[in-house]
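Some notes follow on the model you sent, set out as numbered points. They begin with one helix and then move to the fold, the core and the ligand surroundings.

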Amino acid sequence: MTNTPYNPAQEGAQMQFDGRMSYTDYLQLDPILSAQHPRSDAHDEMLFIIQHQTSELWMRLALHELTAARATLQKGDFRPAFKMLSRVARIFEQLNSAWDVLRTMTPSDYTRFRAALGQSSGFQSHQYRLVEFILGNRNPAMLAPHAHRPDLLAQLEQELTRPSLYDVALSHLHQVVPLPDAILTRDAAQPYAPSPEVTRAWAHIYEAYENHWELYELAEKLVDLEDYFRRWRFNHLTTVERVIGLKRGTGGTSGTSYLRRMLDTQLFPELWELRTTL
Ligand code: HEM
Ligand SMILES: N[C@@H](CC(=O)c1ccccc1NC=O)C(=O)O
């Protein structure tokens, strides 16, 4: 044993980065680490900012994966899509664990800077809305808060013209159990209306899964994803109740009762419905 400090340069660790791309360069850490600007002196505002910024980064990855998963699925390539969907479920698991850090902030801590947030709110997260839209929870009313940002509004509007991940899944289901035209040619921008025909079709897949492994696995991947997504909504609601009680949201909604209503949303309704009929 020696106490001489070890110098990793001995084994070739690169120590000089003049003119070479470094870790900080590659990861663009300068803009990322200088983007935290608390608007108050409250100690916990830094936690609040970083919690949201990291969530937005994970959502950025979720969108990258979901967009690719939908495109591969559209081509009928199930396996790579499964891998991406599993990753998205893990991203939500990551976001779920992150609530534990935020929960160390008490109502007294939050009150010290809440006024500094003005009327900003997660309700205006365009990435969150895009995730919802891609998955299939579509509602043109949610476009309004983005009217002041034509670039973001255009992204959201464009997404509403594409089939959702669930629409793509249904187009594959249709290859096995023909579905009514009204479902296949529905207006992709409008909220999805569940139908007994789709429930029956999925039930058929679950009853005879030996002959429909791909669709069966796709259905379970979607249920898994929704399961994690619901946990995120639930954790959000619980944290909000813990931190602001029944106060209205800065975004103008009723707060917990709005979020509780969102908790009832079903992304892939027939996949839940079939479990009762099976
Ligand atoms: C102390 C922490 C938090 C509080 C008190 C809080 C509170 C609220 C409230 C009251 C709403 C309803 C909209 C409104 O009127 O403002 C909301 C919506 C939302 N929040 Fe938070 N939130 C917190 C943390 C977070 C975090 C960490 C995220 C992660 C990105 C987040 C993302 C969202 C999203 C996406 C919505 C819209 C949900 C929907 O429309 O279904 N919130 N939040
Ligand atoms: N809606 C929250 C404020 C809030 O949580 C928030 C504000 C600015 C940026 C992100 C936020 N997070 C989630 O809504 C509130 O009513 O206290």
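1. Helix α11 covers residues 213–244, and in this predicted model its 32 residues reach 46 Å from the first C-alpha to the last, close to the 46 Å expected at 1.5 Å a residue. Just after α11, Gly245 takes a positive phi of about 55°.

2. The buried positions of α11 are Leu215, Leu218, Ala219, Lys221, Leu222, Leu225, Glu226 and Phe229. Lys221 and Glu226 are charged residues and appear in that buried set. The helices against which the buried residues of α11 pack are α4 (78–102), α8 (165–176), α10 (196–207) and α13 (269–277).

3. His236 is also found in helix α11. UniProt lists this residue under "binding site", in an unreviewed entry. Is His236 buried or partly exposed? His236 has 18 C-beta neighbours inside 10 Å and therefore counts as partly exposed, since a buried residue needs 20 or more.

4. On the overall fold: the protein chain has 13 helices and 0 strands. Its C-alpha trace spans about 70 × 55 × 40 Å along the principal axes. Of the 278 residues, 22% count as buried. Among contacts with a separation of 6 or more, 70% are accounted for by residues 24 or more positions apart.

5. One pair that is distant in sequence can be given as an example. Asp100 and Asn235 are 135 residues apart along the chain, and their C-alpha atoms are separated by 9.1 Å. Asp100 has its place in helix α4. With 10 other C-beta atoms within 10 Å, Asp100 is exposed, because the limit for that class is 12 or fewer.

6. The largest nonpolar core has 39 residues, and the members that touch the most others are Val88, Leu165, Tyr166, Ala169 and Trp202. At least two residues of this core come from each of α3, α4, α6 (126–135), α8, α10, α11 and α13. The helix that gives the most to the core is α4, with 8 residues. In soluble globular proteins, nonpolar side chains tend to be buried together.

7. Trp202 deserves a separate look. Leaving aside neighbours within four places in sequence, Trp202 is in contact with Leu173, Ala219, Glu270, Leu271 and Leu274. Of these partners, Ala219 is among the buried residues of α11, and Leu173 is among those of α8.

8. Does the span of α8 agree or disagree with its 12 residues? At 1.5 Å a residue those 12 residues should span 16 Å, and the end C-alpha atoms are 18 Å apart, which agrees. The buried residues of α8 are Leu165, Tyr166, Val168, Ala169, Leu170 and Leu173. The elements covering them include α3, α6, α9 (181–184), α10 and α11.

9. Ligand 1 is surrounded by 24 residues, the closest being Ser121, Gly122, Gly249, Gly251 and Thr253. Two or more residues of this shell come from each of α3, α11 and α12 (256–263). The most are given by α11, with 5 residues. By class, the shell around ligand 1 holds 10 nonpolar and 14 polar residues, and no charged ones.

10. Which residues lie around ligand 2? They are His52, Arg114, Leu117, Ser120, Ser121, Gly122, Ile244, Gly249, Thr250 and Gly251. This shell divides into 2 nonpolar, 7 polar and 1 charged residues. Ser121, Gly122, Gly249 and Gly251 are named both here and among the closest residues to ligand 1.

11. A further "binding site" annotation in UniProt, again from an unreviewed entry, covers Phe48, Ile49, Ile50, Gln51, His52, Tyr110, Arg114 and Thr250. Of these, His52, Arg114 and Thr250 are also found in the shell around ligand 2.

12. Two of the annotated residues can be placed in more detail. Ile49 lies in helix α3 (residues 45–74), and His52 is found in helix α3 too. Ile49 is partly exposed, with 16 other C-beta atoms within 10 Å. His52 has 13 C-beta neighbours inside 10 Å and so counts as partly exposed. Not counting residues up to four places away in sequence, Ile49 touches Gln36 and Pro38.

Conventions
Residues numbered from 1 in each chain as written. Chains lettered and ligands numbered in written order. Predicted model: local features only at pLDDT ≥ 70, side-chain atom pairs only at ≥ 80, totals over all residues. Near = placed C-beta within 6 Å. UniProt positions renumbered as here; feature names shortened; annotations may be inferred. Helix = DSSP H or I, 4+ residues; strand = E, 2+ residues; numbered from the N terminus. Contact = placed C-beta atoms within 7 Å. Expected span 1.5 Å × (residues − 1). Core = buried A, V, L, I, M, F, W, Y, C linked by C-beta atoms within 7 Å.
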